[in-house]
2 protein chains.
Amino acid sequence: MLVFVGLGLNGLEDITLSGIKWMRRAEKVYLDIYTSVIPNFSIEILEKNIVERKVIKVSRRDIEENYEEILNEAKNKIVVLLVPGDPFVATTHMQLRLTAIGRGIETRVVHAASIQSVVCGETGLFSYKFGRCVTVTFPYGESICETPYDVVKENMKQGLHTLLLLDMDAENMRFMRVAEAIDILRKIEEKRKENVIKKDTLCVGCARIGSDIQIVKADYIDEISKVDFGAPPYSLIIVGRLHFMEAEALVKLANAPLNVMEEVKCPIKK
Amino acid sequence: MLVFVGLGLNGLEDITLSGIKWMRRAEKVYLDIYTSVIPNFSIEILEKNIVERKVIKVSRRDIEENYEEILNEAKNKIVVLLVPGDPFVATTHMQLRLTAIGRGIETRVVHAASIQSVVCGETGLFSYKFGRCVTVTFPYGESICETPYDVVKENMKQGLHTLLLLDMDAENMRFMRVAEAIDILRKIEEKRKENVIKKDTLCVGCARIGSDIQIVKADYIDEISKVDFGAPPYSLIIVGRLHFMEAEALVKLANAPLNVMEEVKCPIKK
């Protein structure tokens with residue numbers, strides 16, 4: 001059996017009772033060290049106090065190219081793969097899961113906190129007002145992927161917020177910073193000139209969101225690009241039309257400038 | 001301090017280490033019994049084995065009208081409010097949180113698994129291919145809210161999936177079933193005739209998703225409306241354009257008809 005266990009976003013504290021149960025039942029426990037990093041996460045404490053056995057780190061190559069070993073073990077044993085956040089929000093492991101099922105290996109998932117829902121609680125933005133989510137990828141030489149710009153544009157048209165996940169190569173400790181992502185969006189705006197990214201675009205910059213040491217800061221885009229967010233991982237929200245309760249929340253939870261509330265002060269306006 | 005603790009979706013098994021820590025530190029522990037129900041959840045076992053004290057059930061009226069008592073306690077004590085899923089994905093508690101902050105009461109959130117991310121792992125549909133999420137509400141007399149139809153239409157235009165949360169009144173054990181939601185969508189289609197809900201609309205019907213006793217079934221809409229999904233809570237996904245790996249996942253994880261895979265068999269077609 002192959003069990004994907006989500007670790008959440010906050011050190012070892014987001015681990016669930018079910019997660020602990022499966023880690024202890026397993027004969028092999030692997031840890032994905034490439035899809036993200038979890039703040040305050042300690043593999044030593046995990047091994048000693050929770051799993052009570054050795055945890056084997058796996059890289060992207062281990063999973064994507066050398067998955068045969070893992071699948072062979074999972075045929076007759078309980079094998080756990082630990083994944084930051086909620087497994088399968090990043091799509092990386094779905095191919096492994098489908099291959100396992102195709103070989104008659106039972107699979108299951110232990111869910112945990114994910115950035116997708118955590119952003120609502122930490123910013124006060126309503127979940128049903130988020131449009132499609134998108135990743136801002138590292139430029140490839142001179143080439144910049146414009147999909148995030150198109151997604152923001154479509155969402156904005158409908159007054160919706162956009163959660164931008166920022167690219168990372170966690171194995172090599174390379175993380176796109178909030179200011180880099182804004183710079184990419186501005187470069188696309190400069191080229192396309194469709195008035196999607198403007199001086200008064202309201203953003204929420206996030207670092208280590210969902211952890212005890214998060215920074216969540218709302219402000220206009222130029223201000224956000226100047227903030228020092230500290231250690232990774234990062235994300236960025238481009239804010240759509242605000243409900244007045246969302247505006248109040250951005251001020252109280254994310255230290256947004258007060259005029260954000262004045263702009264939506266009429267409770268009827270949507 | 002007022003601590004909102006997410007309970008996840010799977011009995012007591014989705015409770016996190018952080019959740020347990022705060023429940024045990026608290027002088028008062030409240031349980032929201034109205035925003036959803038968690039399958040296999042036992043308040044008795046929660047009290048006896050986890051919280052080690054009495055858990056007080058709170059209704060919508062307790063929270064929305066008589067919150068003064070809770071806020072007064074939270075001024076000097078640690079008060080925990082247990083919430084199904086990840087707190088604040090349903091927006092019900094944000095007003096309470098903002099009122100608390102306005103009175104100088106510290107608030108924090110312990111996150112947990114939410115339907116918003118769980119649907120990805122349990123269906124194989126990619127998170128970045130979901131558009132805006134929407135709730136199908138109970139008809140009010142003869143009047144049906146058409147927002148879900150508009151949201152599906154907008155998402156469909158962009159090839160995106162739509163997660164429909166189905167209305168519930170958990171206090172009175174009234175839950176909108178999958179077939180009722182489909183019936184509502186069909187009635188709006190009959191009136192609006194914009195060809196959004198068709199005979200070949202692919203859906204995923206979900207009951208108790210994220211729990212050990214979930215049902216997740218993909219099929220065309222007429223077939224899904226005939227499925228007996230058992231106990232609540234329910235949700236429904238209207239599927240947009242499928243990536244070939246999503247199609248494979250729907251067949252392997254949600255028992256979709258095989259022709260779903262044939263329709264997207266070319267890996268280049270998106």
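Which residues of β1(B) lie on one side and which on the other, and are they buried or exposed? Here are some friendly notes on this predicted model, starting with that strand.

1. **The faces of β1(B).** Leu2(B), Phe4(B) and Gly6(B) lie on one side of the strand, Val3(B) and Val5(B) on the other, and all are buried, so both faces are covered. Five of the five residues in strand β1 (residues 2-6) of chain B are buried, and the strand is therefore largely enclosed by the rest of the structure.

2. **Its neighbours in the sheet.** β1(B) runs parallel to strand β4 (residues 79-83) of chain B, and five bridges join the two. In that pairing, Gly6(B) stands opposite Val83(B). β1(B) also pairs with strand β5 (residues 107-110) of chain B, again in the parallel sense, over four bridges. There, Leu2(B) has Thr107(B) of β5(B) as its bridge partner.

3. **A salt bridge between distant parts of chain B.** Glu146(B) and Arg192(B) form a salt bridge, with their closest N and O atoms 2.8 Å apart. The pair links distant parts of the chain: Glu146(B) sits in the loop between β6 (134-136) and α7 (147-157), while Arg192(B) belongs to helix α8 (residues 178-192), 46 residues apart. Glu146(B) has a relative accessible area of 18%, so this residue counts as buried, the cut-off being under 20%.

4. **A salt bridge within one helix.** Lys157(B) and Glu154(B) meet through their side chains at 3.0 Å, N to O. Both lie in helix α7 of chain B, three residues apart, or about one turn of the helix. Lys157(B) counts as exposed because its relative accessibility is 58%, and exposed means over 50%. Glu154(B), with a relative accessible area of 24%, is partly exposed.

5. **Salt bridges in chain A.** Lys217(A) forms a salt bridge with Asp219(A), their closest N and O atoms being 3.9 Å apart; you may like to know that the cut-off is 4 Å. Both of these residues are buried. Elsewhere in the list, a network of salt bridges links Glu146(A), Asp150(A), Lys153(A), Lys191(A), Arg192(A) and Glu194(A). Over all chains, a search of the whole structure finds 44 salt bridges.

6. **How the two chains are related.** A turn of 180 degrees and a shift of 0.0 Å along the axis lay chain B on chain A with an RMSD of 0.0 Å. That is the relation of a two-fold axis. Of the interface residues of chain B, 100% are also interface residues in chain A, so the copies meet through the same surface.

Technical notes. Residues are numbered from 1 along each chain as its sequence is written. Chains are lettered from A and ligands numbered from 1 in the order in which they are written. This is a predicted model: local features need pLDDT of at least 70, side-chain atom pairs count only at pLDDT 80 or more; totals for chains, interfaces and linings use all residues. Side-chain values use heavy atoms; hydrogens and water are left out. Buried means under 20% relative accessible area, exposed over 50%, partly exposed in between (1.4 Å probe, protein chains only). Copies are superposed by least squares on the C-alpha atoms of residues with pLDDT of at least 70 in both. Contact means heavy atoms within 4.5 Å. Two strands pair if DSSP finds at least two bridges between them.
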